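User: Please take a close look at one turn of the backbone for me, and then set it within the chain around it. I am new to this structure, so plain definitions would help.

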Amino acid sequence: QAPQLAKVPLTQPWFAGIANIRGNLYAVTDFSVFCGGPQTPLNASSRLLLVGTRFGANASLLVSRMLGLKNPEDFTPAAADCPGPAWGAQQYLDSQGRAWRKLAVRDLLADQNFMNIGA
């Protein structure tokens with residue numbers, strides 16, 4: 001379950017707040033809202049993905065659930081169906097024909113829309 005979030009006033013609607021994770025503060029983005037979708041409910045299935053630590057940023061993504069590890073051999077590259085942000089441009093199809101996007105974390109952290117949390 002995602003930890004408790006401290007709300008931050010005067011921020012974008014997709015900025016869910018700040019979380020204390022193992023003594024470190026992380027900025028939390030509701031990834032669904034950031035991508036134009038509905039708000040992610042905070043429940044037993046929701047999780048925080050700590051995406052920025054490797055790149056020197058305490059950034060995390062609030063997601064509705066985790067599906068676990070997938071075998072890369074089960075995916076084949078697919079042509080992009082429409083232009084979008086660089087951080088989500090790579091598309092793949094799984095063995096059942098479902099479309100997936102690879103999250104390019106470095107590109108997401110460099111995206112000015114992602115980094116500008118002020119309302």
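Analyst: Arg22 counts as exposed because its relative accessibility is 71%, where exposed means over 50% relative accessible area, buried under 20%, and partly exposed in between, with a 1.4 Å probe and protein chains only. This is a predicted model, in which local features need pLDDT of at least 70, side-chain atom pairs count only at pLDDT 80 or more, and totals for chains, interfaces and linings use all residues. Residues are numbered from 1 along each chain as its sequence is written, and side-chain values use heavy atoms, with hydrogens and water left out.

Arg22 sits in the loop that joins strand 2 to strand 3 (24-30), with helices (H or I, at least four residues) and strands (E, at least two) taken as DSSP runs numbered from the N terminus. Although Arg22 is not a glycine, its phi is positive, near 50°. Most residues other than glycine have a negative phi.

A positive phi also appears at Leu10, again a residue other than glycine, with a value of about 60°. Leu10 belongs to the loop between strand 1 (5-6) and strand 2 (15-21), and with a relative accessibility of 74% it counts as exposed.

To set these loops in the wider fold, the protein chain contains three helices and eight strands, and their order along the sequence is β-β-β-α-β-β-β-β-β-α-α. The radius of gyration, taken over C-alpha atoms, is 15 Å, close to the 14 Å of the globule rule for 119 residues, so the protein chain is as compact as a globular protein of that length; the rule is 2.2 Å times the number of residues to the power 0.38. The C-alpha trace spans about 40 × 30 × 30 Å along its principal axes, and 29% of the 119 residues count as buried. Among contacts with a separation of 6 or more, 40% join residues 24 or more positions apart, contact meaning heavy atoms within 4.5 Å.

Lys102 gives a sense of distance from this part of the chain, since its C-alpha lies 27 Å from that of Asn24, with their positions 78 residues apart in sequence. Lys102 is placed in the loop between strand 8 and helix 2 (105-110), and it counts as partly exposed, at 45% relative accessibility. Beyond its neighbours within four places in sequence, Lys102 is in contact with Trp87, Gly88, Gln90 and Tyr92.
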